[in-house]
Structure formats: C-alpha cells, structure tokens
Amino acid sequence: MIFWVFSALVLIIGLLDLAAIWLDRRTWRYLSKPGTMLVIILLAATGLPEAGPYGWLIVAGLLFSVAGDIFLVLPSDRFIPGLLSFFMAHLFYLVAFQAPLTLGGPAGLVALGLAVVGLPYFWFLRRGVIESGGKGLLLPVFLYLSVISVMVWRAFGTGQPLLIAGALLFYLSDAILAWARFIRFHRLADLGVMSTYFAAQYLIALSVLG
C-alpha cells in the first residue's frame, strides 16, 4: 500500500512541476521540484535497511540530487554547486552498481557507444560552454560528462532493466539540459529535462525495493 501511495505522490507532484514549467510559475517550482525528489527518497527509504549498503548508497545519491535540484532552481545562477552535487550523486550511484569493471564483450560495446556519443557532443557544446562560463567551465562539464557516462556503463553491467532504463533516462535528461543551457535555450526544454529526470530517479529508487 505504501508503495502505491508514494508512487502516486511522485506522479502528482511531478506533474505539478511540469505544469509550473508550462505556466511559467517559477516560484511553484521551489516546492514541486525538490518535493518530487523528497517523495522518491521516502519511497527508496522503505527498502532500508533490508537493501544493505546498496540502499544507503542510492539514498545518498538521491539526497545529493535534491541538493543539485535546489541549486539549479534558485533564481541566481548556482550552476557549479548544482553540477558538483549531481557529480557526487553519480559517484554514489556508480559505487552502488556492483558490476564488473571490464571493457570486454557487451560492456566494451556500451563503453564504446558512450564515447562515440559523449565526446562529439562535448565538442559540440564546447563553444557554448566557453561563452557561458569561460574556458574554466570546460573541465567541470567534461568531468561531469565522464562520471555520468561511467554511471551508465556500470548500470548496464548490472544487467538490471530498472537501473539500465534509469541511467539512460538520466543521461538523456542531462543531454537536453546541456543543449538548452549551452546551445539554444527554450523554456519548455525543461519539460523534457524534468520528465526524464523524475522517471530516471524513480526507477533508480525502485531498485532499492528489490
């Protein structure tokens, strides 16, 4: 029963956040954006302590994600603290995903695919990154791209559909966000960013419940 209650709340508050984006009600988002994530954390917490260290690592990643959400939704630009928060979240996730560290077989193909997609995309973003924050922003953005790529690679290594889908949705969410921030801004791009982001975090949280 508690699972369905929390899942319904995630859907309702998440839709309110999307409505706030559509209606351009920024102040609503101060509650709806982190509020959706807090319910996702509560959902994951119902799997503790049975999930052991894995569960605690995922919850830690979700908590750092909330911090990143708060930094990015505030009116003044706190992009670097937000980026750092999500960087830490991915570190917790990739440590939690107990997968063999190998570049052979299917894992190698995944790593190659991520490199083929990620490196050209970073080069494509390069000019916009420099215009946005100077050359000093290139390294943080590259490091973030690297850590989320490793997180996706590790997720594939687990062979768990929930984690694979969650990791890919997270990657897609950040790709849309990067496009909107560094290439061409559109207010409604946030609809794509947040819908894929909430879905990603929800699926990752579900993995704690087994």
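Asp190 is partly exposed, with a relative accessible area of 28%, and it makes a good place to enter this predicted model. This aspartate forms a salt bridge with Arg29, and the closest N and O atoms of the pair are 3.8 Å apart. The link joins distant parts of the chain, since Asp190 sits in helix α8 (residues 189-206) and Arg29 in helix α2, 161 residues apart. If you filter salt bridges by distance, keep in mind that the cut-off used here is 4 Å between a side-chain nitrogen of Lys or Arg and a carboxyl oxygen of Asp or Glu; the 3.8 Å of the Asp190 pair falls within it.

Now turn to the other end of that bridge. Arg29 is buried, at a relative accessible area of 9%. Which other side chain does Arg29 meet in a salt bridge? The partner is Asp17, with an N to O distance of 3.0 Å. Arg29 belongs to helix α2 (residues 26-45) and Asp17 to helix α1 (residues 2-22), so this pair ties together parts that are 12 residues apart in sequence. Asp17 is buried, as is Arg29. Put together, Asp17, Arg29 and Asp190 are linked in a network of salt bridges.

How many salt bridges does a search of the whole structure find? The count is three. Besides the two that involve Arg29, there is one between Arg127 and Glu131, at 3.2 Å from N to O. These two residues are four places apart in helix α5 (residues 105-133), so about one helical turn separates them. Arg127 is exposed, at 65% relative accessibility, and Glu131 is exposed too, with a relative accessible area of 60%.

Asp174 offers a contrast. This residue lies in helix α7 (residues 161-182) and is buried, yet it has no salt bridge. Its nearest side chain of opposite charge belongs to Lys33, 9.3 Å away. What does Asp174 touch, apart from its neighbours within four places in sequence? The contacts are His90, Tyr144 and Ile148. For the charges as a whole, the chain carries 12 positive and 8 negative side chains, and the centres of the two sets lie 8 Å apart.

Let us step back to the overall fold. The protein chain has eight helices and zero strands, so its radius of gyration can be set beside the globule rule: the value is 17 Å, close to the 17 Å that the rule gives for 210 residues, and the chain is therefore as compact as a globular protein of that length. Along its principal axes, the C-alpha trace spans about 50 × 50 × 20 Å. Of the 210 residues, 46% are buried. The accessible surface comes to about 10,600 Å², and carbon and sulfur atoms account for 75% of it. Among contacts with a separation of 6 or more, 75% are between residues 24 or more positions apart.

Two residues give a closer view of such contacts. Tyr93 lies in helix α4 (residues 79-96) and, at 0% relative accessibility, counts as buried. Leaving out neighbours within four places in sequence, its contacts include Ile58, Gly61, Met151, Phe170 and Ile204. The C-alpha atoms of Tyr93 and Leu57 are 6.7 Å apart, although the two residues are separated by 36 places along the chain. Leu18, in helix α1, touches Leu191, Met194 and Ser195 once residues up to four places away are set aside. Ser207, by comparison, is 189 residues from Leu18 in sequence and 25 Å away in space, C-alpha to C-alpha.

Finally, the backbone has two details to check in your viewer. Most residues other than glycine have a negative phi, and most peptide bonds are trans. Asp24 is not a glycine, yet it has a positive phi of about 55°; it is placed in the loop between α1 and α2. Leu48 and Pro49 are joined by a cis peptide bond, with omega at about 0°. Pro49 is found in the loop between α2 and α3 (52-73).

Notes: Residues numbered from 1 in each chain as written. Predicted model: local features only at pLDDT ≥ 70, side-chain atom pairs only at ≥ 80, totals over all residues. Heavy atoms only, no water. Buried < 20%, exposed > 50% of the residue type's maximum accessible area, 1.4 Å probe, protein only. Lys, Arg positive; Asp, Glu negative; His and termini not counted. Contact = heavy atoms within 4.5 Å. Rg over C-alpha atoms; globule rule 2.2 N^0.38 Å. Areas by Shrake-Rupley, 256 points an atom, 1.4 Å probe, with all protein chains shown as cover. Charge placed at Lys NZ, Arg CZ, Asp CG, Glu CD.
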